[in-house]
Amino acid sequence: MRVRRFATWVIPTLFIGGAAYLFGYSDLIQVKSISIYPEAEVNRIQSVIEKPIFNIRTGAHLARVNVRGAESALKNIGWVEKASVSRNWISGKVSISIVSRKAIARVITDGAAESSLIDLNGFIYSDPEVTDSLPQISIADSNMSNLAASFITQIPADLTGQMQSLSLTSDGNFLMKLALPSKKGPDLMVRWGNIGELQTKLQVYEKLIALPENKSISAIDLSEPK
């Protein structure tokens with residue numbers, strides 16, 4: 001009876017101890033390869049995950065790879081929208097992938113030396129690697145960036161795609177320049193007024209732009225929708 005009790009206690013303990021050694025200390029389970037996606041961002045991703053605290057390197061003990069820490073560090077980068085870090089206990093492979101934010105415009109603050117970027121979700125961030133020519137959102141004060149972001153998230157994607165520029169005045173009024181594919185003549189200037197009743201203003205805009213007699217108009221004032 002005592003032998004059975006001893007075996008019941010000792011065998012699981014030895015198994016757990018052996019597993020802990022195997023995964024945590026044995027050289028049998030090591031990082032054999034590291035995969036980074038997309039390839040275009042390899043250098044910038046490596047500059048983050050190669051820090052000693054994450055222990056992501058070939059030959060390192062796979063159990064000691066700081067998966068959560070590395071993933072959190074990548075997610076905290078402004079231009080990273082999504083990040084994933086995982087390890088495969090069978091192949092010894094550490095896989096790292098990110099999804100970069102897609103900028104739809106540059107945010108330029110009066111008097112500021114540098115511009116920021118904004119994505120379709122209204123997230124404002126910086127990314128020195130983005131050199132594309134983008135529409136500009138001009139704001140009078142950096143404190144108004146959240147208001148500009150709120151506006152962007154509420155308008156349809158087709159409007160942001162046609163947007164040439166957007167201005168936000170110090171009193172909170174929006175003026176947008178649009179290049180419409182079907183429109184003849186100059187770009188269309190839309191005065192939205194403040195962000196209030198924006199959904200109603202969008203409905204009025206759609207009705208006005210659909211009228212045949214408005215194909216050549218150059219300006220629409222929606223500051224007081226009716």
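**View 1. Strands β9 and β10 of this predicted model pair side by side.** Five bridges hold β9 and β10 together in the antiparallel sense. Look for Leu175, which stands opposite Arg191 in β10. On to the next neighbour: β10 pairs with β11 in the parallel sense, this time over three bridges. Here Val190 has Ile220 of β11 as its bridge partner. To get from β10 to β11 the chain passes through α6, and this β-α-β crossover is left-handed. Helix α6, residues 198-210, lies across β9, β10 and β11 and runs at about 155° to β10.

**View 2. Strand β8 has β7 and β9 as partners.** Strands β7 (residues 136-139) and β8 (residues 163-168) run parallel and are joined by four bridges. Two places to find along this pairing are Ile137, which stands opposite Leu166 in β8, and Ser138, whose bridge partner in β8 is Ser167. With β9 the sense is antiparallel, and five bridges join β8 to β9. Ser165 stands opposite Lys177 in β9. The hairpin of β8 and β9 has five residues between the strands, and Gly172 takes a positive phi there, near 85°. As a reminder while you trace these pairs, strands of a sheet pair through backbone hydrogen bonds, either parallel or antiparallel.

**View 3. Eight strands make up an open sheet with mixed pairing.** Reading across the sheet, the order is β6-β5-β4-β7-β8-β9-β10-β11. Which strands stand at the edges? They are β6 (124-125) and β11 (219-221), and each has a single partner strand, so one side of each is left without a neighbour in the sheet.

**View 4. Helix α4 lies across seven named strands: β4, β5, β6, β7, β8, β9 and β10.** The helix runs at about 140° to β8. Within α4, residues 145-154, the buried residues are Ser145, Ala148, Ala149, Phe151 and Ile152. Viewed down the α4 axis, these buried residues fall within an arc of 160°, so they line one face of the helix.

**View 5. The largest nonpolar core has 30 residues.** Good starting points are Ile137, Leu178, Trp192 and Tyr205, the residues with the most contacts inside this core. At least two core residues come from each of β4, β7, α4, β8, β9, β10 and α6. Helix α6 gives the most, with five residues. Zoom in on Leu178: beyond its neighbours within four places in sequence, Leu178 is in contact with Leu159, Gln162, Met163, Gln164, Asp187, Leu188, Val190 and Tyr205. There is also a second, separate core of 26 residues, which includes Phe54, Ala60, Trp79 and Ile98. In soluble globular proteins, nonpolar side chains tend to be buried together.

**View 6. Lys82 sits in strand β2, residues 80-87.** Is the residue Lys82 buried or exposed? Lys82 is exposed, with a relative accessible area of 54%, which is over the 50% cut-off. Setting aside neighbours within four places in sequence, Lys82 is in contact with Ser97, Ile98 and Val99. Although Lys82 and Val99 are 17 residues apart along the chain, their C-alpha atoms are separated by 5.0 Å. Ile98 also belongs to the second core of 26 residues.

Key:
Residues are numbered from 1 along each chain as its sequence is written. This is a predicted model: local features need pLDDT of at least 70, side-chain atom pairs count only at pLDDT 80 or more; totals for chains, interfaces and linings use all residues. Side-chain values use heavy atoms; hydrogens and water are left out. Buried means under 20% relative accessible area, exposed over 50%, partly exposed in between (1.4 Å probe, protein chains only). The arc is that of the directions from the helix axis to the C-beta atoms. Two strands pair if DSSP finds at least two bridges between them. Contact means heavy atoms within 4.5 Å. Axes are lines fitted to C-alpha atoms, for helices over the stretch in contact, and angles run from 0 to 180 degrees between N-to-C directions. A nonpolar core is a set of buried Ala, Val, Leu, Ile, Met, Phe, Trp, Tyr and Cys residues joined through side-chain atoms within 4.5 Å. A crossover is right-handed if, with the strands pointing away from the viewer, the path from the first strand over the helix to the second runs clockwise.
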